[in-house]
Amino acid sequence: MGAEPTRMVRLAGGRFRMGSDEQPDEGPVHEREVGAFAIDAHPVTNEQFAAFVEATGYVTVAERALDPTDFPGADPADLVPGGLVFTPTAGPVDLRDWRQWWRWVPGANWRVPFGPDGGVDAVSERLRHPVVQVSYADASAYASWAGKRLPTEAEAEFAARGDLDGARFAWGDDEFPRDAEHPRGRLMVNRWQGSFPYLNTGAAGFVGTSPVGTFPPNGYGLSDVTGNVWEWTTDFYAPRHLVPGETPVDAGARGNLLAETSAEPGSRIPRRVLKGGSHLCSPDYCLRYRPAARSPQAEDTATTHIGFRCAADT
C-alpha cells in the first residue's frame, strides 16, 4: 500500500506566550522561544501508517504481549494485547471518574481501533482519518522511518497558535467565528457535540475521528492542530510548566529526573505530554481543544483518541 508523505510546513520559530490560566497544569504563562523547524500539515493517517508497517513489518505496542513487571498486582490472564476504547455511557455520569467511559479491549489496535468486533477496519474504511491506538514508541518509530522526529511541546503549541500569540483558540478568541457565509458562527474543530459522555450528535457529520483537513486550517496552514486526535510530543509531563532553566526538585538522584517525576504512583512508565485535544473534548467536560491545553499519558498507552504528527529540523 503506497501513501504520499505529509507535506511539511516550515516555520521560522520565535518567541511566544506559552500556556494559559484556564487549567492548573497549563500555567504559568511564560515567554518561550523555539528555533526554526518544520511540521506536518496534518496528523499521520491510517494510510500513511499502513505504508510504514508494510515497508518495515513493525508491530505496535498494542499488538505485543504485555510485561507482567509493568503491571504489578494484575491478573496475568488479563495481560493480553489490546488498547483503551472510548465507550459512551447510557446517560449522565459523574465526570470525575473517567473509567466509566473507557474500557480495555483485547485485540484493539491501529488496524481495528475498537477491537476485532468493533465494526470498523481502520485501514480499509478510514484511510484519510488520523491513525489512532498508537503509543509513544509507535509514533517515534514512524517518525524515524520517515526521516523526521516528534515535536516538542513548545513546538506543538507554537505551531498550533498559527501566529495568533495569546489567542484562546487556534483561530482566535471567538469559538464560533461569524462571517457572511456563517452568520450563526462556524464550527472550526472536531470536538464533542452534545452532552458528554453519552450524547454526541457529530461534528460536521463525524462521530469520532474525521478525515484530516475536514476543518479549516490555522494561520500557518496546519490542519487539526486542535481537536480530532490528541498528539504525542517528546516532553515528559510535569503538573505545571517548567520554565526554561528550571528542573524538578522532588525526583530521585538517578536517571532522568523529569521522567521519574512523570510516572504515576506505583508505575515505572513515564508520561509524555499530549497536545491539541481530541474529538472527545467537550465544553461541559474538559474544553481542551485549545493550543495551550495539555494532557499526561503513559508512553505505553494506546487509545481511540491519540495520534501524532511529525516535525523536522530545518
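In which sense do β1 and strand β4 pair, and over how many bridges? The two strands, β1 and β4 (residues 37-40), run antiparallel to one another and pair over four bridges. Keep in mind that this is a predicted model. Below is a quick tour of strands, helices, two buried loop residues and some backbone oddities.

**The β1 and β4 pair**

- Strand β1 covers residues 8-11, and its side chains alternate between two faces.
- Val 9 and Leu 11 point to one face and are buried, while Met 8 and Arg 10 point to the other face and are not buried.
- Leu 11 has Phe 37 of β4 as its bridge partner.

**The four-stranded sheet**

- Four strands make up an open sheet with mixed pairing, and their order is β11-β10-β9-β12.
- The edge positions go to β11 (294-298) and β12 (306-307); each has a single partner strand, so one side of each has no neighbour in the sheet.
- β12 pairs with strand β9 (residues 230-236) in the parallel sense, over two bridges.
- Within that pairing, Glu 231 sits opposite Gly 307 of β12.

**Helix α4, lying across the sheet**

- Helix α4 (residues 153-161) lies across β9, β10 (271-275) and β11, and runs at about 5° to β10.
- How many of the nine residues of α4 are buried? Nine of the nine are, so the helix is largely enclosed by the rest of the structure.
- The buried set takes in charged-looking names as well as small ones: Glu 153, Glu 155, Glu 157 and Arg 161 are in there, along with Ala 154, Ala 156, Phe 158, Ala 159 and Ala 160.
- Right behind α4 comes Gly 162, with a positive phi near 60°.

**Helix α1 against helix α3**

- Helix α1 spans residues 46-56, and its buried residues are Asn 46, Gln 48, Phe 49, Ala 50, Ala 51, Phe 52 and Val 53.
- α1 packs on helix α3 (residues 136-145) at an angle of about 75°, and the two axes are 11 Å apart.
- That angle makes α1 roughly perpendicular to α3.
- On the α1 side, the contact uses Gln 48, Phe 49, Ala 51, Phe 52, Ala 55 and Thr 56; on the α3 side, Asp 138, Ala 141, Tyr 142 and Trp 145.
- Sorted by type, the residues of this contact are seven nonpolar, two polar and one charged.
- Just past α1, Gly 57 has a positive phi of about 75°.

**Tyr 289, in the loop between β10 and β11**

- Tyr 289 sits in the loop between β10 and β11. Is Tyr 289 buried or exposed? Tyr 289 is buried, with a relative accessible area of 0%.
- The side chain of Tyr 289 makes a polar contact with the Glu 175 side chain at 2.8 Å.
- A polar contact of 3.4 Å links the Tyr 289 side chain to that of Arg 191.
- Not counting residues up to four places away in sequence, Tyr 289 also touches others, including Phe 169, Val 189, Thr 226, Gly 227, Gly 276 and Cys 281.
- Arg 168 is 121 residues from Tyr 289 in sequence, yet their C-alpha atoms are 9.6 Å apart in space.

**Thr 301, in the loop between β11 and β12**

- Thr 301 is located in the loop between β11 and β12, and is buried, at 12% relative accessible area.
- With neighbours within four places in sequence left aside, Thr 301 is in contact with Leu 84, Val 134, Ser 135 and Trp 232.

**Backbone oddities worth a look**

- Gly 27 and Pro 28 are joined by a cis peptide bond, with omega about -5°. Pro 28 belongs to the loop between β2 (14-18) and β3 (30-34).
- Another cis peptide bond joins Phe 196 to Pro 197, with omega about 0°. Pro 197 is in the loop between β7 (194-195) and β8 (199-200).
- Ala 204, a residue other than glycine, has a positive phi near 55°. Ala 204 lies in the loop between β8 and β9 and is exposed, at 51% relative accessible area.
- Asp 224, in the loop between β8 and β9, also has a positive phi, near 60°. At 4% relative accessibility, Asp 224 counts as buried.

Conventions: Residues are numbered from 1 along each chain as its sequence is written. This is a predicted model: local features need pLDDT of at least 70, side-chain atom pairs count only at pLDDT 80 or more; totals for chains, interfaces and linings use all residues. Side-chain values use heavy atoms; hydrogens and water are left out. Buried means under 20% relative accessible area, exposed over 50%, partly exposed in between (1.4 Å probe, protein chains only). Two strands pair if DSSP finds at least two bridges between them. Contact means heavy atoms within 4.5 Å. Axes are lines fitted to C-alpha atoms, for helices over the stretch in contact, and angles run from 0 to 180 degrees between N-to-C directions. Angles under 35 degrees count as roughly parallel, over 145 as roughly antiparallel, 65 to 115 as roughly perpendicular and the rest as oblique. Ala, Val, Leu, Ile, Met, Phe, Trp, Tyr, Cys and Pro count as nonpolar, Asp, Glu, Lys and Arg as charged, and the others, Gly among them, as polar. A polar contact is a pair of N or O atoms within 3.5 Å; within protein, one must be able to donate a hydrogen and the other to accept it, and residues adjacent in sequence count only if both atoms are side-chain atoms.
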